[in-house]
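Please open the model in your viewer and keep the sequence panel beside it. The stops below go from one element to its neighbours and then out to the whole chain.

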Amino acid sequence: MPIVHGFDPPERFVAGTVGEPGSRTFFLQARAGSRLVSVALEKQQVIALAERIDELLDEVIADGRAQGVVPAMAPFGLADDQPLELPIEEEFRAGTMTLSWDPEDERVVVEVFPVGEEPVELSDGEDPAELLLVRLEPGQARAFVRRAEHVVGAGRPTCPFCGQPIDPDGHLCVRANGFKRREPTEQ
């Protein structure tokens, strides 16, 4: 029997971090009532999830698939800039994530599987060991995207030359190391 951490819809679903820029741990956190689930993941996974949610909602708007309102931006009243809730106890580390639109309920469906688990349909007879299943209303999904972008952007600044992060104690840029790049000569 799988452990399914289901939230339909959650009272809160956010991406957040613990630690200083450069050594932050990223989390997805979902809460409904007193039930709180935190899943660790990589920064790139947060970026990818936020981008895909935004794209999915834009596609839903463009296709006219939704009967209800799908906001083009995060509704002001749903902004969530509060820190992650305590205690932050990692349920599992995120591996594969799936994203879909449920046209019947008009919700964004996010499934997060642990590292090493492959996505499966819960009705296929195969069950994952554990799964975070979150069903978001469109406004909640846009608010998640806005916050995820803010959380990712709050890290270390990037070098304008090489695009790598700049540490507080300095940065050795491979593109600005004193060598002038020569253009290839024509033969």
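## A walk around strand 4

Begin by selecting strand 4, residues 35-41, in this predicted model; five of the seven residues in this strand are buried, so that the strand counts as mostly covered.

Next, add strand 3, residues 25-32, to the selection, and you will have an antiparallel pair in which seven bridges join strand 3 to strand 4. To see one of these bridges, pick Phe-27 and look across to strand 4, where its bridge partner is Ala-40. Then move to the turn: strand 3 and strand 4 form a hairpin with two residues between them, and Gly-33, which lies in that turn, has a positive phi of about 60 degrees.

Keep Ala-40 selected and bring in strand 5, residues 90-102, which runs parallel to strand 4 and is joined to it by two bridges. Which residue of strand 5 is the bridge partner of Ala-40? The partner to select is Arg-93, and Ala-40 is also the bridge partner of Phe-27.

Now clear the selection and colour the whole chain by secondary structure, which shows two helices and seven strands, following the order β-β-β-β-α-β-β-β-α from the N terminus on. If you colour by burial instead, buried residues make up 38% of the 187 residues in the chain. With a surface displayed, the accessible area comes to about 11500 Å², and 50% of it belongs to carbon and sulfur atoms. A contact map makes a suitable last stop: among the contacts with a separation of 6 or more, 60% are between residues 24 or more positions apart.

Note on methods
Residues numbered from 1 in each chain as written. Predicted model: local features only at pLDDT ≥ 70, side-chain atom pairs only at ≥ 80, totals over all residues. Heavy atoms only, no water. Helix = DSSP H or I, 4+ residues; strand = E, 2+ residues; numbered from the N terminus. Buried < 20%, exposed > 50% of the residue type's maximum accessible area, 1.4 Å probe, protein only. Contact = heavy atoms within 4.5 Å. Areas by Shrake-Rupley, 256 points an atom, 1.4 Å probe, with all protein chains shown as cover. Pairing = 2+ DSSP bridges.
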